[in-house]
Amino acid sequence: MEVRDLHPWPGTTEEATAIQDRLRPLLDLDSPGPAAPRTVAGLDVSYAGDGGDAEARLAAAAVVLDAATLEVVEESVAVGTAAFPYVPGLFAFRELPALVEALRALKTAPDVLVCDGYGVAHPRRFGLACHLGVLTDLPSFGIAKTPFVGTYERPGEERGSTSPLRDGGEVVGRVLRTRTGVKPVFVSAGHRISLDAACRLTLALTPEYRLPETTRRADRLSRDALAAAPRGT
DNA sequence: GCGACAG
DNA sequence: ATCTTGTCGC
């Protein structure tokens with residue numbers, strides 16, 4: 001599938017934040033999103049050794065699932081190097097090159113992108129899910145495992161319970177319980193999809209575990225790819 | 001100024 | 001993200 005180019009690439013944190021500020025106006029945060037997506041792509045990245053280092057070896061995976069049956073439709077992996085040091089708020093720049101490479105290798109574009117991290121629930125309202133949304137122009141949202149920005153109340157214990165994630169006086173996401181009695185996940189819209197649609201899809205993708213099948217499948221694929229490529233393949 | 005801080 | 005033992009529970 002087609003993905004917009006990444007240049008200019010930032011060399012400093014100042015340049016990186018400038019890029020986020022320049023791309024943010026391109027976001028579509030009003031579209032409701034696909035009513036019934038046929039395919040959904042899960043994205044995730046695994047690291048070798050200390051994943052906090054700059055230039056750490058990594059593998060990015062994109063796994064496309066049939067939204068109805070959750071069966072794998074297509075897979076893609078790209079082994080590479082962390083393209084930026086880990087800086088909260090600039091996290092996307094670490095994995096973007098490898099993720100884009102994995103996406104470009106897909107034969108057909110999925111209907112939605114499910115990212116491992118945040119969308120607009122970000123200091124400058126431009127997390128990884130927003131960035132990938134703009135680069136692909138596909139509906140995209142993020143599912144994070146731990147809090148980042150904003151405040152929230154603990155949602156009910158039942159699967160499906162939610163509570164708004166607020167930051168700076170606005171709702172930037174939703175804390176969603178995907179499994180009864182299990183720690184919730186943090187969902188935020190990225191591009192061309194509503195928070196409601198993102199949460200509905202998240203529940204549809206989590207029939208058994210806390211994390212969606214999309215990210216679980218991508219996590220395993222990226223991990224296996226790293227193990228299978230001891231050097232640079 | 002001092003912590004906190006997606007993965 | 002990754003490094004790790006034991007432990008509680010279905």
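The legends below describe several views of a predicted model.

**Figure 1. The whole of chain A, with 5 helices and 8 strands.**
From start to end of the sequence, the elements of chain A come in the order α-β-β-β-α-β-α-β-β-β-β-α-α. The radius of gyration is 16 Å and the globule rule gives 17 Å for 233 residues, so chain A is as compact as a globular protein of that length. Its C-alpha trace spans about 45 × 40 × 30 Å along the principal axes. Of the 233 residues in chain A, 50% are buried. Among contacts with a separation of 6 or more, 67% join residues 24 or more positions apart.

**Figure 2. The surface and charges of chain A.**
Chain A exposes about 10500 Å², and 50% of this area comes from carbon and sulfur atoms. The side chains include 26 positive and 30 negative ones. The centres of these two sets lie 3 Å apart.

**Figure 3. The cis peptide bond between His-7 and Pro-8.**
Omega of the bond from His-7 to Pro-8 is near 5°, and the bond is cis. Pro-8 belongs to the segment before α1, a helix that covers residues 13–23.

**Figure 4. Helix α3 and the elements that cover it.**
In α3, 9 of the 9 residues are buried, and the helix is mostly covered. These buried residues are Leu-128, Ala-129, Cys-130, His-131, Leu-132, Gly-133, Val-134, Leu-135 and Thr-136. The cover over them includes the helices α1 and α2 (92–104). It also includes the strands β1, β4, β5 and β8. Just after α3 comes Asp-137, which has a positive phi of about 60°.

**Figure 5. Helix α4 and the strands it packs against.**
The buried residues of α4 are Leu-195, Ala-197, Ala-198, Cys-199, Leu-201 and Thr-202. An α-helix has 3.6 residues a turn, so residues three or four places apart point the same way. The buried residues of α4 pack against five strands named here in sequence order: β1 (39–47), β4, β5 (140–144), β7 (170–176) and β8.

**Figure 6. Cysteines without a disulfide.**
A disulfide is a covalent bond between the sulfur atoms of two cysteines. The structure holds 0 disulfides. Cys-130 is in none, and its nearest cysteine sulfur, that of Cys-115, is 8.9 Å away. A disulfide would need the two sulfur atoms within 2.5 Å. Cys-199 is likewise in no disulfide. For Cys-199 the nearest cysteine sulfur also belongs to Cys-115, at 15 Å. Because buried means under 20% relative accessible area, Cys-130 counts as buried at 0% relative accessibility. Cys-199, at 5% relative accessibility, counts as buried too.

**Figure 7. Two arginines with a positive phi, Arg-125 and Arg-192.**
Arg-125 is not a glycine, yet its phi is positive, at about 60°. It sits in the loop between β4 (112–116) and α3 (128–136). With a relative accessible area of 18%, Arg-125 is buried. Arg-192 is also a residue other than glycine with a positive phi, near 55°. Its place is in the loop between β8 (185–191) and α4 (195–204). The relative accessible area of Arg-192 is 30%, which means that this residue is partly exposed.

Note on methods. Residues are numbered from 1 along each chain as its sequence is written. Chains are lettered from A and ligands numbered from 1 in the order in which they are written. This is a predicted model: local features need pLDDT of at least 70, side-chain atom pairs count only at pLDDT 80 or more; totals for chains, interfaces and linings use all residues. Side-chain values use heavy atoms; hydrogens and water are left out. Helices (H or I, at least four residues) and strands (E, at least two) are DSSP runs, numbered from the N terminus. The radius of gyration is taken over C-alpha atoms; the globule rule is 2.2 Å times the number of residues to the power 0.38. Buried means under 20% relative accessible area, exposed over 50%, partly exposed in between (1.4 Å probe, protein chains only). Contact means heavy atoms within 4.5 Å. Accessible areas come from the Shrake-Rupley method with a 1.4 Å probe; for residues, only the protein chains shown count as cover. Lys and Arg count as positive and Asp and Glu as negative; His and the chain ends are not counted. The place of a charge is taken as NZ of Lys, CZ of Arg, CG of Asp or CD of Glu.
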